[in-house]
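Trainee: I have a model open and would like to work through it. Can we take it step by step?

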Amino acid sequence: MIHTEGLTKTFQRGKQLVHAVKGVDLDVAPGELVAFLGPNGAGKSTTLRMLTTLLSPSSGSARVAGADVRTQPALVRRRIGYIGQGNGAGHNYRVIDELRAQGSFHRLAPAVSRERAAELLRALQLNGLEKRPVMSLSGGQRRRLDVAMGLMNHPPLLFLDEPSTGMDPQGRANLWEHIIRMRDDLGMTLVLTTHYLEEADDMAERVIVIDHGTVIADDSPGRLKLDHADDVITLTFGAVDEADVAKRALRADQRYADRFEERAGEAVVLATDHGARQLPGILHLLEAAGARPEAAAIREATLDDVFLNLTGRSLREDDTPDAAEDGSAAARTANTTDGADAA
Amino acid sequence: MNAQTIEHVHAADEDGTGGRIGRFLSDTRAVFTREIVVVLRDPFSLVFSLLQPLVFLALFAPLLGGMVGGDGIGDASALEWFLPGVIVMICVFGTGMTGSNLQYEMQTGSYERILASPLSRASILTGRALKEFAPLVVQALVITLVAVPLGVTPHLAHVLVGILLLGVFGIGLGALSYALAIATRGKEWMFWTVQQSLTFPLLLLSGMMLPLETGPDWMRTVARFNPLTYIVDAERELFMGTFASSTVLWGAVAAALTCAGGLAVGIRTIRRSAR
């Protein structure tokens, strides 16, 4: 569905060259749900914008839905759906007018356009709002309308740029429920960018971690966490002596010898794969040594741990969308602004 | 891509292809329809926009006759001389504002969605300019009809050709306004500063409001390089009932050149914004 080779984007910013995306090689198969994850300015939105033909690559190639982004941009746009970060529907227009306009932009016959608009309004729980001006809709309704517009041409491939930014958790869950159902109904491939770790973890089947314009990891969220991060088990004992007994027992076992933190106090902290699966064995080992914890807690590995282990930085340090890469729609049309992407 | 979606996509690719011109026309119609629906759903602004040129005509034309004493306006009455000028003026103001609506859409994200659609770039420019131009057709016809009882001889066919000529010119001007909006994105004040700084000198140096014949030599020289001068002169000839004249021809050439130049600049600006 997507194939890129050496996809590169360089911006001229004053006298300086900014390398926003550095030779991305990528293959996305039909039906996948892929998330680009990375800090602000990593190059994920710039990559998405090249794939949707909103930006032209500086070098390299990309085929999207069977068409070349350089030589057949209109064909790419015909075959994809795109839901940008801003509101795609004009605020002064009526809901139904925007849906039908989107249909006509994709050259759907008026009857087909009417039928699809009605079908999407129903599916996205927007029925009854047809004649309302877009500006009168709630944030969640507007976002669902954006999804409806992105699906008017029944695209086999849908791009979503930060689809749930600014939404509350309930609204986000509701939006995703709709997106996933529409994906199942239409058999779509989904490619999204997100700075929400939980969103990438929960929704994506494949996460492509981008940093400084380069793909640094690419796998399922589970596999990434298994390969690049550990679950953390914290055992709390009633007394320091008992905790020391536990530490001695763990130190003596080669499976755990280098997996726990040497720290004083009643708590013993272990980092391990499959924490929930390992815990009964650890408890059994400690019990045999005469140490019985009063409490045990597992913190499962997160994609932030993955990023931290790969780069030495946390994604959470800067988890709000900034104007440099993901800012206003106006800024996103500017070459200078995109140039700030990797700055 | 599964077989069903491939089939669908291929069918969609073939739909409405009909050659480049066919696609351009169909895309332009789609953009124009989206834009004009908003105007039609708000008749108050349409009615108000009709009143403005009427007020201008009623309050300015009588002053003109007294002020210039007929110098430079040939055999025409002040009203006959001024009427085509007012129509050119509303065309310049209307299509020159094409970019202002775009600025708002760039802020909300709506413009980006349109760029991500398969519409041709030229059709986006043309459709939007035509939306600004469409009310002019109604305005021009209404003020011409209102002027008839006041002594203006109606030449309907000539008026329609004059409106067509303004439409061609307006597409070019609208595309330039669109390009200006992209170039000044995020700085609305700059759009208006540049737009106003150019519009008024162009209007005054076209002889639209006052005859240039009574002005100094340098003004007449500068006016010869102003495409609007040729448009205004052609409109006056047409409204006086003349088709076959070199003035009308030069007006048509100026309109065509503005249209071609405006679209070229507009398309180039959209493409540059994707670099």
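Trainee: What share of the residues of chain B count as buried?
Mentor: Keep in mind that this is a predicted model. A residue is buried if 20 or more other C-beta atoms lie within 10 Å of its own. Chain B has 275 residues, and the share that counts as buried is 43%.

Trainee: How many helices and how many strands are there in chain B?
Mentor: Read the elements from the N terminus on: the run is α-α-α-α-α-α-α-α-α-α-α-α. The count for chain B is zero strands and twelve helices.

Trainee: Which percentage of contacts in chain B between residues at least 6 apart in sequence join residues at least 24 apart?
Mentor: Set aside pairs that are not at least 6 apart in sequence. Among the contacts left in chain B, the part joining residues at least 24 apart is 78%.

Trainee: Are helix 11 and helix 12 of chain B oblique or roughly parallel?
Mentor: Helix 11 covers residues 227-239 and helix 12 residues 246-272, both in chain B. Their axes come within 8 Å and cross at roughly 135 degrees. Angles over 145 degrees would count as roughly antiparallel. The crossing angle therefore makes helix 11 of chain B, relative to helix 12 of chain B, oblique.

Trainee: How do the residues of that contact divide into nonpolar, polar and charged?
Mentor: Helix 11 of chain B brings residues including B:Y230, B:I231 and B:L238, and helix 12 of chain B has B:W250 and B:L257 among its partners. The division is three charged, three polar and eleven nonpolar.

Trainee: How far apart do the C-alpha centres of domain 1 and domain 2 of chain A lie?
Mentor: Domain 1 of chain A takes in 2-226 + 314-342, and domain 2 takes in 230-299. Their C-alpha centres are separated by 44 Å.

Key:
Residues are numbered from 1 along each chain as its sequence is written. Chains are lettered from A and ligands numbered from 1 in the order in which they are written. This is a predicted model: local features need pLDDT of at least 70, side-chain atom pairs count only at pLDDT 80 or more; totals for chains, interfaces and linings use all residues. Domain bounds come from an automatic or database domain assignment. Axes are lines fitted to C-alpha atoms, for helices over the stretch in contact, and angles run from 0 to 180 degrees between N-to-C directions. Helices (H or I, at least four residues) and strands (E, at least two) are DSSP runs, numbered from the N terminus. Angles under 35 degrees count as roughly parallel, over 145 as roughly antiparallel, 65 to 115 as roughly perpendicular and the rest as oblique. Two residues are in contact if their C-beta atoms, placed from the backbone, lie within 7 Å. Ala, Val, Leu, Ile, Met, Phe, Trp, Tyr, Cys and Pro count as nonpolar, Asp, Glu, Lys and Arg as charged, and the others, Gly among them, as polar. A residue is buried if 20 or more other C-beta atoms lie within 10 Å of its own, exposed if 12 or fewer, and partly exposed in between; C-beta atoms are placed from the backbone.
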